[in-house]
Amino acid sequence: MGAMRNAEVAQLLNRIARLMEIKGENRFKFQAFADASRRIDNWPEPIEGLHAEGRLREIPGVGTSLARYISEYLEGGHSPLLEELTTQFPLALLDLEEIPGVGPKLAVVLFHELGVRDLDSLEQAISDGRLQRLPRLGEKSARHILQGIKTVRQHSGRISLGIARPLAESILAHLQVLPAVQKAEICGSLRRWKETIGDIDVLVATDPKGAEEVMEIFTHLPEVRQVLLCGPTKSSVRVLHDLQVDLRVVPHRCFGAALQYFTGSQAHNVRLRELAIRAGLKLNEYGLFRLLDDQSIAGENEEEVYAALGLPWIPPELREDQGEVEAAQAERLPKLIEQADLVSDLHLHSDWSDGLDTARSMVEKARSMGYQYLAFTDHGEVLEVAHGLSLERFRAQRTALEALSQETSFPILCGVEANVLANGSLDFPSAEMDAFDWVVAGIHTGLASSGGTANDRLAEAMTGSKVDLISHPSGRLIGEREPYALDRAELFQAASLTRTALEINSHPKRLDLRDIDARQAKEAYHLPLAICSDAHSTGELDHVRYGVAVARRAWLTKDDVLNTRPLEALQDWVARRRRAREAAS
Ligand code: DGT
Ligand code: CA
Ligand code: CA
């Protein structure tokens, strides 16, 4: 099994690209590194395998010199090119770009003019009043930047679900194949699919003789950078991204109780322990016991632990003490949506605009995922940065997509992801929007001036009859950008009035709507929601697993989600929506 060092190599190339940009290198040069980084991050085969077989150049965009830099790194464990760049600019300078409004140009000015090297020295430069004295910067931008530093710091130390999940699954796969391992599961916040992860928790059942071997192998996995602790029942290591992984080994008879305990959340566990005490029982990571005589009641699997407390098994995504215990007691737990319920993706990009892959390969991938149809939603021309399409180009795309659909016998909706401008209007005049089978609209520009107006912009966009789905409604980027100043109740109200669907964007950086918002959208406003990937490559179509997790954490069932409906039912929904809007206007 390959260790899959793709993420690691992608990170290296991305750092090189961004430092080159700061250095002021030729745009084509650093863009080549950035593009290769995206490719490799999404590449299905292990990069070290491609390297070993001399096939690195099969990756589009990887030429002779890039292949050499990658090989150099994979063989030597370090990159002379990156080291050369970091003698000129500290790596921590890249953290500055996480701050909203700070790009490479400003980063380099701050570095040269004020000697800023990282977040700390930037904060210092602001509190000394030095930043405010630079041309074009003043008290207002200083306040913005200071707030940005706070946001970046708040999230540092927690890792995106999209990074932690594949890493944990790779580690789990290494352990599951060991003969000594009877059972193995991911637990903690990762089993609950929280949007960010403090550390990875893994649980294994072995007999006592097997534990030592498991610990030995775990602490020597290829992903491991540092061993923090290696004991007979618990080991901790550090892997890529400074992420900590805790492994606990328990006897088979305790596995269910330990799984329940280490899955958490702590608040959920407190509730269960109360139920146990009231029943004259004691619940801990070793099992469920009678207080009277310490007799074990349950412990081998989770279902029997819950059953002994008078509850049906509760899915991990619900275990946040947000009403799940009461719902379980009343036998009113929802039948949560599953990824297999999705029959399409309604928001994705091809190489017609800023996607990496062709429409054909997106269709092939969608089919392999069991989908019945797709909606292509490339950007309109207002979004110049994303190579947006003019109306003529969209017409050409429709011709191409219709031919592709014919040839592959795979239904395709010709859509657009329109940009909601400052006044709430879209890329094309209202009459021209009729050219699309499916209209997604989202805010992509003018964010800095969005204070208080995002609601108006989105409401205005929804009021025309043209928009079917609002993409990434809150606009947040986890750990980088706070949501727009947005009144969610007002947004949900407007969506409800105009029968507009809201997206659960599955990109692990977005996860937008959030779980709690999606739950409110459903419970208080009965809004239709769609779980979409916003994929810019075939690999990213798989991101819907994270959107499904958000939906499950939001208590959603199959019926709450638009893209579980077959094509005719979706088209019917669109037609009825548009008729109702036209009648209202
Ligand atoms: P994280 O890692 O911050 O994303 O969140 P968790 O939930 O994975 O927390 P973690 O790794 O500290 O512990 C994993 C689970 O183990 C946690 O959800 C509940 C359980 N747990 C750990 N320490 C305690 C504790 O001191 N008391 C209780 N009741 N449960 C604990
Ligand atoms: Ca954890
Ligand atoms: Ca932990």
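Aspartate 246 has 4% relative accessibility and so counts as buried (under 20% relative accessible area; exposed is over 50% and partly exposed in between, with a 1.4 Å probe and protein chains only). This is a predicted model, in which local features need pLDDT of at least 70 and side-chain atom pairs count only at pLDDT 80 or more, while totals for chains, interfaces and linings use all residues. Residues are numbered from 1 along each chain as its sequence is written, chains are lettered from A and ligands numbered from 1 in the order written, and side-chain values use heavy atoms, without hydrogens and water.

**Exercise 1.** Find the protein donors of the calcium ion (ligand 3) and place them in the chain.

*Solution.*
1. Donors are N, O and S atoms within 2.8 Å of the metal (3.2 Å for Na, K and Ca); water is not among the atoms, so sites may look incomplete.
2. Asp199 (OD), Asp199 (OD), Asp201 (OD) and Asp246 (OD) lie 2.3 to 2.7 Å from the ion.
3. Their spacing along the chain is D-x1-D-x44-D.
4. Aspartate 199 sits in the loop between β3 (196-197) and β4 (200-205) and aspartate 246 in strand β7 (residues 243-250), so the pair ties together parts 47 residues apart in sequence (strands are DSSP runs of E, at least two residues, numbered from the N terminus).

**Exercise 2.** Determine which residue bridges the calcium ion (ligand 3) and the calcium ion (ligand 2), and whether that residue is buried, partly exposed or exposed.

*Solution.*
1. The two ions lie 3.8 Å apart.
2. Aspartate 199 coordinates both.
3. Aspartate 199 counts as partly exposed, because its relative accessibility is 21%.
4. Aspartate 201, at 10%, counts as buried.

Technical notes
Helix = DSSP H or I, 4+ residues; strand = E, 2+ residues; numbered from the N terminus.
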